[in-house]
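User: Hi! I'm new to this one and would love a walk through it. Can you put it up so we can both look?

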Amino acid sequence: VTTPDIVSVRGDHPGPKYDKRLFGQFAEHLGTGIYGGIWVGPGSKIPNTRGYRNDVLAALKAIRVPVVRWPGGCFADEYHWREGIGARNKRPVKINTHWGGVTENNAVGTHEFMDYSELLGAEAYVSGNVGSAPPREMAEWVEYMTSPTGSSLAKERAANGRKEPWKVPMFGIGNELWGCGGNMLADYAADETRKYATFVKTPEGVPIMKVASGANAEDYNWTEVMMKKAGTVFSGIGVHYYTVPGTWSKKGAATGFDEDAWATTLVKTMKMDELIRGHSRIMDKYDPKKRVALLVDEWGTWYDQEPGSHPGFLYQQNSLRDAVVASLNLDIFAKYADRVRGANIAQMVNVLQAMLLTDGARMVKTPTYWVFDMYKDYQDGIVLPVEVSSHWYRRGANELRAVSASAVRGTDGVVHVGLTNVDPNRPATVTVQLAGITGTSVTGRILTAPTMDAHNTFDAPDVVRPEAFTGATLANDTLSVTLPAKSVVMLDVK
Ligand code: AHR
């Protein structure tokens, strides 16, 4: 029996909006993330709509994907947009030098991606090429996508099948300029960002959020220099942080791990809290009014690739542990939602901590997908701050609070309370005090499984999936909840 944990939900002190962009996805030309994952081509036997596989599209629509970042990642700074327009059979075939050295036939280019975003009902977050293309190339790409009829580029777009301009709400000024985007030092990257951002122009009255390439994890100097030297030319800056249980050379397996690896993974995930605080503190110095958003535009688990899979494709299984990693991050984002107004999990399909895995015509929803499903009503709701007093889960040198929580009043008026018990062995009894919240009923869903590495396969796709949760009761303004070991629960108080 554990001491009851206490979560206070401050409905009487509503916080900022939980921006729907915090549920953003990332689709890079990497492995089977695009080809095979979302795109099979119009001639495929796999059921598709204009080349986009129907099963994946329907699954992503169901979780209301709000934004997709494309075409990279590292691929972005080697991508030349002109190679991805016009007749598909005439597009150049390149080598994807960054990811596996495989051929890239450019079948998915600007039209295909923008069309997909519209089908999905998601905003486009397009990453430009700073590392290996001149500013003119970036300027012309933006003009091609956003200018109304009249200019030669707009006419070319129309001739390629799209008369109306697209909306490009977010545009990245390169990716990881400190690494694959050009190996730049912070000062030089800030200068380059100033220069390239100058030429990203949309027609009068058409908004575009320019996003600076952000820091690698705790490289606070990067944020400092970018904000100081270039902070006026962009309205978003990224930060990338991956949860790697081991080291970059031996990251650890996606399944078949022990409790030490479980605990290490979750402790490393909690570093996101410290990182957001650290980068926000620097941003506050230069931007106290929080005009510039911090965007965690790459996050998620990164394990050793699945045995037998193509090196460089970053294909990995996804287990209950990933579900917990996802809920912890979504809870952390709620804490800092005034500054963190977007995030892109890496990546949407078949790559790293994916929503979906595909194999030929088959598709499976991962435990991470189900967490995104359970939390989806947070999108654009109002954060209700939480105070959590929880016992510790300890394993060897690793320790973290056993209970993680967040709460949002959805746009539907319902109060949604997300609770996670990270302890893989013991349940947690939680008292949730609801201040300033009038509700008379509680319902919920739970995601759990008998083992830490429980996962869904093509042959057994429903091993980990949400079920109705009956472990919560509401009396006056107090919820009494029993969270089973290693579980994620979403409660709806109406
Ligand atoms: O998501 C995989 C890679 O990780 C991205 O291409 C890059 O930006 C990051 O290093």
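User: Great, thanks. How many bridges join β23 to β27, and do they run parallel or antiparallel?

Analyst: Before I answer, keep in mind that this is a predicted model. β23 and β27 are joined by 6 bridges, and the two strands run antiparallel. Within that pair, Leu-447 stands opposite Val-488 in β27.

User: And what joins β23 to β24?

Analyst: There you'll find 2 bridges, again with the strands antiparallel. Arg-445 is the residue opposite Ala-468 in β24.

User: Which sheet do these strands belong to, and what is its order?

Analyst: They sit in an open sheet of 6 strands, ordered β16-β20-β21-β27-β23-β24, with antiparallel pairing.

User: Which strands stand at the edges?

Analyst: Those are β16 (382-383) and β24 (467-468). Each has a single partner strand, so one side of each is left without a neighbour in the sheet. The partner of β16 is β20 (residues 403-409), joined to it by 2 antiparallel bridges. Val-383 has Val-408 in β20 as its bridge partner.

User: Which helix packs on the sheet, and which strands does it touch?

Analyst: That's α9 (residues 320-335), which touches β16, β20, β21 (415-421), β23 (442-447) and β27 (487-493). The direction of α9 makes about 55 degrees with that of β20. There's also α10 (residues 367-375), lying across β21, β23 and β27. α10 runs at about 165 degrees to β23.

User: Nice. Where is the barrel, I mean which strands close into it?

Analyst: 8 strands do, in the order β2-β5-β8-β9-β10-β11-β12-β13, and their pairing is parallel. On average, neighbouring strands of this barrel are turned by 30 degrees against each other, ignoring direction.

User: Can we zoom in on one pair? How many bridges join β10 to β11?

Analyst: Sure: 4 bridges join β10 (residues 209-216) to β11 (residues 236-243), and the two run parallel. Val-211 has Gly-236 in β11 as its bridge partner.

User: Changing topic: how is the chain divided into domains?

Analyst: Domain 1 covers 5-9 + 385-493, and domain 2 covers 19-379. Their centres, taken over C-alpha atoms, are separated by 29 Å.

User: How many residues are in contact between them?

Analyst: 33 residues of domain 1 are in contact with 35 residues of domain 2. On the domain 1 side, the elements giving two or more residues are β19 (398-401), β20, β21, β23 and β27. The largest share there comes from β20, with 4 residues.

User: What kinds of residues make up that side of domain 1?

Analyst: The side of domain 1 that touches domain 2 divides into 16 nonpolar, 11 polar and 6 charged residues.

User: What does UniProt list for residues 297-487?

Analyst: The UniProt record, an unreviewed entry, lists "domain: Alpha-L-arabinofuranosidase C-terminal" for them. In the model, that span is 13% helix and 39% strand, and its end C-alpha atoms lie 26 Å apart.

User: Okay, ligand time. Which residues are around the ligand?

Analyst: The shell consists of Glu-28, Gly-72, Gly-73, Cys-74, Asn-175, Glu-176, Glu-298, Ala-346, Gln-347 and Leu-352. By type, the shell divides into 3 nonpolar, 4 polar and 3 charged.

User: What about the backbone of Glu-176, is its phi positive or negative?

Analyst: Positive, at about 40 degrees, although Glu-176 is not a glycine. Most residues other than glycine have a negative phi, and most peptide bonds are trans. Glu-176 lies in the loop between β9 (170-173) and α5 (186-198).

User: And Gly-72 to Gly-73, is that peptide bond cis or trans?

Analyst: It's cis, with omega near 15 degrees. Gly-73 is in the loop between β5 and β6. A cis peptide bond also joins Trp-70 and Pro-71, with omega of about 0 degrees. Pro-71 lies in the loop between β5 (67-70) and β6 (94-95).

User: Last one: what do β25 and β26 form?

Analyst: A hairpin, with 2 residues between the strands. Asn-476 in the turn has a positive phi of about 55 degrees. β25 (residues 472-475) and β26 (residues 478-483) run antiparallel and are joined by 4 bridges. Ala-472 has Val-481 as its bridge partner in β26.

Key. Residues are numbered from 1 along each chain as its sequence is written. This is a predicted model: local features need pLDDT of at least 70, side-chain atom pairs count only at pLDDT 80 or more; totals for chains, interfaces and linings use all residues. Two strands pair if DSSP finds at least two bridges between them. A residue is near a molecule or strand if its C-beta atom, placed from the backbone, lies within 6 Å of it. Ala, Val, Leu, Ile, Met, Phe, Trp, Tyr, Cys and Pro count as nonpolar, Asp, Glu, Lys and Arg as charged, and the others, Gly among them, as polar. Two residues are in contact if their C-beta atoms, placed from the backbone, lie within 7 Å. Axes are lines fitted to C-alpha atoms, for helices over the stretch in contact, and angles run from 0 to 180 degrees between N-to-C directions. UniProt positions are given in the numbering used here, feature names are shortened, and annotations may be inferred rather than shown by experiment. Domain bounds come from an automatic or database domain assignment.
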